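Open the model in your viewer and keep the selection tool ready. We will go from one chain as a whole to a few chosen residues.

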Amino acid sequence: MNLRPDLAIIAEHVAPGSRILDVGCGDGALMAALRDTKGVDARGLEIDAGNVAAAVSRGLSVIQGDADRDLAEYPDASFDYAILSQTLQTAHRPDVVLDHLLRIGQQAFVSFPNFAHWRVRLSLLWGGRMPVTRLLPERWYDTPNIHHVTIDDFRSFVAERGIEVEGAWFLSGDKRTISAAANMLAEHAVFKLRKLSEIKEPTRPIRG
Amino acid sequence: MTEDVRFGLARHVILPGPLRLDGGALLSPVEIAYETYGTLNADASNAVLICHALTGDQHVASPHPVTGKPGWWARMVGPGKPVDPARHFIVCANVLGSCMGSSGPATIDPATSAPWGMAFPVITIRDMVRAQALLLDHLGIAVLQAVVGGSMGGMQALSWPATFPERVRAAVVIASTARHTAQNIAFHEVGRQAVMADPKWRGGAYYDLGDPPAAGLAVARMAAHITYLSEAGLTEKFGRRLQARPDRPDGAISFGFDADFQIESYLRHQGISFVDRFDANSYLYITRAMDYFDLGGEHGGHLANAFRATKARFCLVSFDTDWLYPTAQSRAVVHALNAAGAPVSFVELSSPYGHDAFLLDAPEMNRVVDGFLRAGE
């Protein structure tokens with residue numbers, strides 16, 4: 001089995017026999033790997049009909065749908081893990097998608113391309129053009145990646161929202177790289193997240 | 001091995017029943033016309049039930065006895081197809097209320113020794129499913145590997161795990177819905193009124209006269225047929241093109257009410273050819289059963305409750321140009337299945353052909369159904 005490096009990291013850290021929801025599951029590569037190697041009960045959500053057909057023809061349970069629209073339909077805590085790989089930056093409301101992810105899953109894995117990687121920075125700094133890189137191959141006008149995010153953006157985002165980072169892994173050229181200076185050196189990040197229980201208190205006063 | 005008369009093409013069985021119907025009546029006996037393909041394996045675990053649509057029949061993969069046309073779903077069922085007699089024991093039965101040999105208004109009421117006509121009890125989709133279960137008992141099948149159906153067949157495929165949660169391991173529901181909408185009911189009512197407005201209908205007692213309400217049934221079929229197609233499909237196939245005439249190969253506007261347009265000629269042909277193979281009263285009963293169908297309503301108003309008891313896997317397919325049972329209807333079922341925690345796959349496929357797309361060449365549909373069925377083997 002030859003999983004994409006970020007998916008391999010996620011697969012490594014999913015507990016055997018667990019229930020997962022893979023949001024933006026593509027052709028189901030991760031789901032199939034988890035089913036076959038770890039006996040995981042995997043469900044998927046995928047926007048592209050061709051990908052859904054490919055995943056279903058692998059015997060996977062995949063629903064054609066849109067993370068921005070359809071996650072609200074899933075019951076609370078119905079999965080051990082909710083997984084969002086390479087999809088966060090394509091969402092219209094990544095914040096809402098992430099809220100749903102942590103509502104539906106006890107824990108969540110989120111992977112995304114890092115927009116602060118040095119190659120991206122140089123492209124903008126010296127080229128003065130929107131970066132076109134290996135992980136972000138589309139041009140500014142046809143890219144599905146409408147919410148570019150950096151590792152540091154993501155760290156502060158989850159900190160503000162009281163989300164606990166249980167693990168973080170960084171990739172450069174498909175190889176793992178260290179956490180220090182990841183925002184500059186990593187092309188890709190994988191975060192394992194859990195919602196902290198204390199934020200369940202109402203944050204706004206309720207009028208009587 | 002001696003030949004088992006229960007298995008094969010063009011089978012017919014009279015089961016004693018009685019079958020308690022949703023309307024309260026007891027039906028006895030229960031006649032079922034059906035076909036089987038393939039071989040039931042030793043532990044009877046490879047049975048796949050195919051459920052047909054409103055005007056379908058048991059000849060899913062064999063030539064129709066009246067029209068001689070190939071089986072109505074030979075694209076899905078047959079050697080090398082997703083439902084394959086080499087792997088599956090395939091059962092397809094004419095639904096209760098229909099007119100191809102199963103109990104319906106045209107069969108004999110034992111109380112009067114005459115055709116039932118409108119004395120036949122009104123039936124539901126769930127009654128059709130219960131009759132199919134009687135047939136499976138007769139065939140020695142306790143659990144279905146899968147139940148597969150499109151349109152009204154999809155309603156049965158949804159009703160199966162809801163009615164017999166332990167008897168079905170997988171359900172394939174194509175171009176279907178969990179409930180008939182006001183618009184669905186409205187179109188059916190137009191069809192029924194067309195039949196009943198035909199003086200030859202005679203309150204349903206036309207069987208002995210040899211002169212059925214063909215005009216009314218043809219109009220019903222014409223109206224319904226429009227709902228099976230899409231505007232884009234009609235435009236592509238017919239546009240405003242004129243019908244050829246003997247003296248005018250390119251057609252002409254007649255300034256009259258002949259079938260000037262090709263679409264008129266096509267619909268008239270659909271209507272006329274339909275009455276040769278279908279019974280008007282059956283059309284009334286089956287459209288009524290579809291209108292009554294509301295699977296959530298049968299389960300306290302919560303569709304998810306229909307699926308709480310079953311462990312079956314589900315696969316739903318819709319088509320983007322189907323306005324009879326649009327994708328939103330399939331999505332509602334998917335959401336209910338998710339809420340019930342059932343394993344479910346769903347895909348909306350693209351086709352120009354509207355509701356009828358499920359009966360036509362749809363390689364992606366076949367790929368999805370094939371993969372889904374193999375995953376359970």
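Of the 208 residues of chain A, 44% count as buried. Keep in mind that this is a predicted model.

**Stop 1: chain A**

Select chain A and colour it by secondary structure. Eight helices and eight strands should appear. The radius of gyration of chain A is 17 Å, close to the 17 Å that the globule rule gives for 208 residues, so chain A is as compact as a globular protein of that length. Now turn the chain. Its C-alpha trace spans about 55 × 50 × 35 Å along the principal axes. What share of the contacts in chain A with a separation of 6 or more comes from residues 24 or more positions apart? They account for 62%.

**Stop 2: strand 6 of chain B**

Move to chain B and select residues 89-93, which form strand 6. Five of the five residues are buried, so strand 6 is largely enclosed by the rest of the structure. Look at each face in turn. On one side sit B:Phe89, B:Val91 and B:Ala93. On the other are B:Ile90 and B:Cys92. Both faces are covered.

Next, add the strands that pair with strand 6. Select residues 30-37 of chain B for strand 4. Strand 4 and strand 6 pair in the antiparallel sense, over four bridges. Find B:Tyr34, whose bridge partner in strand 6 is B:Ala93. Then select residues 47-51 of chain B for strand 5. Does strand 5 pair with strand 6 in the parallel or the antiparallel sense? The pairing is parallel, again over four bridges. Here B:Ala47 stands opposite B:Phe89 of strand 6.

**Stop 3: the annotated active site**

Select B:Ser151, B:Asp322 and B:His355. An unreviewed UniProt entry annotates these three residues as "active site". They are spread over 205 residues of sequence, yet they cluster in space: the largest C-alpha distance is 10.6 Å.

Centre on B:Ser151. This residue is in the loop between strand 9 (146-150) and helix 2 (152-163) of chain B. B:Ser151 has 27 other C-beta atoms within 10 Å; the cut-off is 20 or more, so B:Ser151 is buried. Leave out residues up to four places away in sequence, and its contacts include B:His355, B:Ala53 and B:Phe358.

Now centre on B:Asp322. Look for the loop between strand 11 (313-319) and helix 8 (327-339) of chain B. B:Asp322 is buried too, with 28 other C-beta atoms within 10 Å. Beyond its neighbours within four places in sequence, B:Asp322 is in contact with B:Ala175, B:Gly354, B:His355 and B:Ala357.

**Stop 4: the annotated binding site**

Select B:Arg221 and B:Asp356. The unreviewed UniProt entry gives them the annotation "binding site". The two are spread over 136 residues of sequence but cluster in space, with a largest C-alpha distance of 14.0 Å.

Where does B:Arg221 lie? Look in helix 4 (residues 214-228) of chain B. B:Arg221 counts as buried because 22 C-beta neighbours lie inside 10 Å. Not counting residues up to four places away in sequence, B:Arg221 touches B:Gln270, B:Gly271 and B:Phe274.

Finish on B:Asp356, in the loop between strand 12 (344-349) and helix 9 (363-375) of chain B. Is B:Asp356 buried or exposed? With 22 C-beta neighbours inside 10 Å, B:Asp356 counts as buried. Show B:Tyr228 and B:Leu229 as well: B:Asp356 is in contact with both, leaving aside its neighbours within four places in sequence.

Key
Residues are numbered from 1 along each chain as its sequence is written. Chains are lettered from A and ligands numbered from 1 in the order in which they are written. This is a predicted model: local features need pLDDT of at least 70, side-chain atom pairs count only at pLDDT 80 or more; totals for chains, interfaces and linings use all residues. Helices (H or I, at least four residues) and strands (E, at least two) are DSSP runs, numbered from the N terminus. The radius of gyration is taken over C-alpha atoms; the globule rule is 2.2 Å times the number of residues to the power 0.38. A residue is buried if 20 or more other C-beta atoms lie within 10 Å of its own, exposed if 12 or fewer, and partly exposed in between; C-beta atoms are placed from the backbone. Two residues are in contact if their C-beta atoms, placed from the backbone, lie within 7 Å. UniProt positions are given in the numbering used here, feature names are shortened, and annotations may be inferred rather than shown by experiment. Two strands pair if DSSP finds at least two bridges between them.
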